[in-house]
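Here are a few exercises to work through with the structure open beside you. Try each task before you read its solution.

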Amino acid sequence: MGSVFDEKDFLACCGSTKFGKEMVAAAPFSTLQDSIRAARHIWFNKVDVNGWLEAFAAHPQIGQSPSKNHQSPTFAQWSKGEQSTALATATDSTLQELFEWNARYREKFGFVFLICASGRSTPEILAELKIRYQNRPIIEFEIAAQEQMKITELRLAKLFTEKADTAPTIKPLATTNIARKAEEDRVNIIGAHLTAATGDAGAKPAHIPNRTRPPITTHVLDTSRGCPASGIEVQLEMWKDNQTRPQFGKANIGGWKVLGSSATDKDGRSGQLMNMVEALAPGIYRISFNTGEYNPDGFFPYVSIVFEIRESQKWDHFHVPLLLSPFSFSTYRGS
């Protein structure tokens, strides 16, 4: 018989509600290794972007103690312990510098700086924060998800040590070794999670797909609030001038034709932006978001994303999300 834990135990390991429920469904686990294997699969394949942001938001800022009102006292206790080395090696000046860089990071990326802090000094963490601050938002989002997985593995080991009702049938591996061994797997999995594989772009499909949704879709996620962004006006256009292509640095005013417009719903998803066609017309498309109306105090009055669909891709589906905060945004090709 394996160890039995409930949802609050798993929420102490990772603050995503979806993660906690999926771990309960996958339990019981006979060994620590079994639980970590399940946790990796759930985190990278079943928990969506909203769930990742929920987990990030559960963490206190590095250098600060968790809130006394935190939903999980165990989470707060473990978080404080993981930062003990950092707090023990901090001075007033390094804590102040860490506070200032944390604020810069959050303003740029829209979520708390996340790092597996166990055993790390304040100077180490501060140096890492400064390096990661230079990343593009989508890259940093991936790194933060990897760091969350490292923290989750550490806490699962603590959970088995402190609360398991039966001893593991085999000796658990050191968590740091588990994290190192799985690093390549995590990077590959998270890359697939955020940027859907397109397969062999040159392969001709055996038959025309019967679409159940328009071939170009989008959604908007407000990363500063950790929730979908509703009520944002979205417009999809296609370049129709057969004589020229839109070029960087050129006005390119007359060639765009509006295919459709909509507004995002409570889940951040837009309505139908184009006709339900089987084969997309190859060409250059532009999807624009009225971000200024959504966030009048933000840096971007609107955001436009231009992308090209080639002949070999006309049967594909293109999901072009926008991850938005007041002072940064990113996008990727989803599925």
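Helices and strands here are DSSP runs, numbered from the N terminus: a helix is H or I over at least four residues, a strand is E over at least two. The model is predicted, so to speak of a local feature takes pLDDT of at least 70 and side-chain atom pairs count only at pLDDT 80 or more, while totals for chains, interfaces and linings use all residues. Residues are numbered from 1 along each chain as its sequence is written, and side-chain values use heavy atoms, with hydrogens and water left out.

**Exercise 1. Place the annotated residues**

Task: Find which residues the UniProt annotation "binding site" covers, and work out where Arg-269 sits.

Solution:
- Start with the record: the unreviewed UniProt entry puts "binding site" on His-219, Arg-269 and Tyr-332. Positions are given in the numbering used here, feature names are shortened, and such annotations may be inferred rather than shown by experiment.
- Next, locate Arg-269: look in the loop between strand 5 (256-263) and strand 6 (283-289).
- Check its exposure. Buried means under 20% relative accessible area, exposed over 50%, and partly exposed in between (1.4 Å probe, protein chains only). At 44%, Arg-269 is partly exposed.
- List its contacts (heavy atoms within 4.5 Å). Neighbours within four places in sequence aside, Arg-269 touches Thr-218, His-219, Ala-263, Thr-264 and His-319.
- Finish with Tyr-332, which lies in the segment after strand 10 (328-331). Its relative accessibility is 12%, so Tyr-332 counts as buried.

**Exercise 2. Order the sheet**

Task: Work out the strand order of the open four-stranded sheet.

Solution:
- Two strands pair if DSSP finds at least two bridges between them.
- Following the pairing gives the order 3-2-9-10, and the pairing is mixed.
- The edges are strand 3 (227-228) and strand 10, each of which pairs on one side only.
- Now zoom in on strand 9 (residues 322-325): it runs antiparallel to strand 10, over four bridges. For example, Leu-324 has Phe-329 in strand 10 as its bridge partner.

**Exercise 3. Map the largest core**

Task: Find which helix gives the largest share of the largest nonpolar core.

Solution:
- A nonpolar core is a set of buried Ala, Val, Leu, Ile, Met, Phe, Trp, Tyr and Cys residues joined through side-chain atoms within 4.5 Å.
- The largest one has 52 residues, and Met-23, Trp-43, Phe-56 and Leu-156 have the most contacts inside it.
- Helices that supply at least two residues each include helix 1 (7-13), helix 4 (49-57) and helix 9 (137-163).
- Helix 9 gives the largest share, 11 residues.

**Exercise 4. Classify an aromatic pair**

Task: Decide whether the rings of Phe-56 and Phe-141 are stacked, tilted or edge-to-face.

Solution:
- Rings of Phe, Tyr and Trp (its six-membered ring) pair if their centres lie within 6.5 Å; planes under 30 degrees apart are stacked, over 60 edge-to-face, and the rest tilted. The structure holds 18 such pairs.
- For Phe-56 and Phe-141 the centres are 5.8 Å apart and the planes at 80°, so the pair is edge-to-face.
- This pair links distant parts of the chain: Phe-56 is in helix 4 and Phe-141 in helix 9, 85 residues apart.
- Both are buried: Phe-56 has 0% relative accessibility, and Phe-141 has 2%.
- Both also belong to one aromatic cluster, which includes Trp-43, Trp-101 and Tyr-133.
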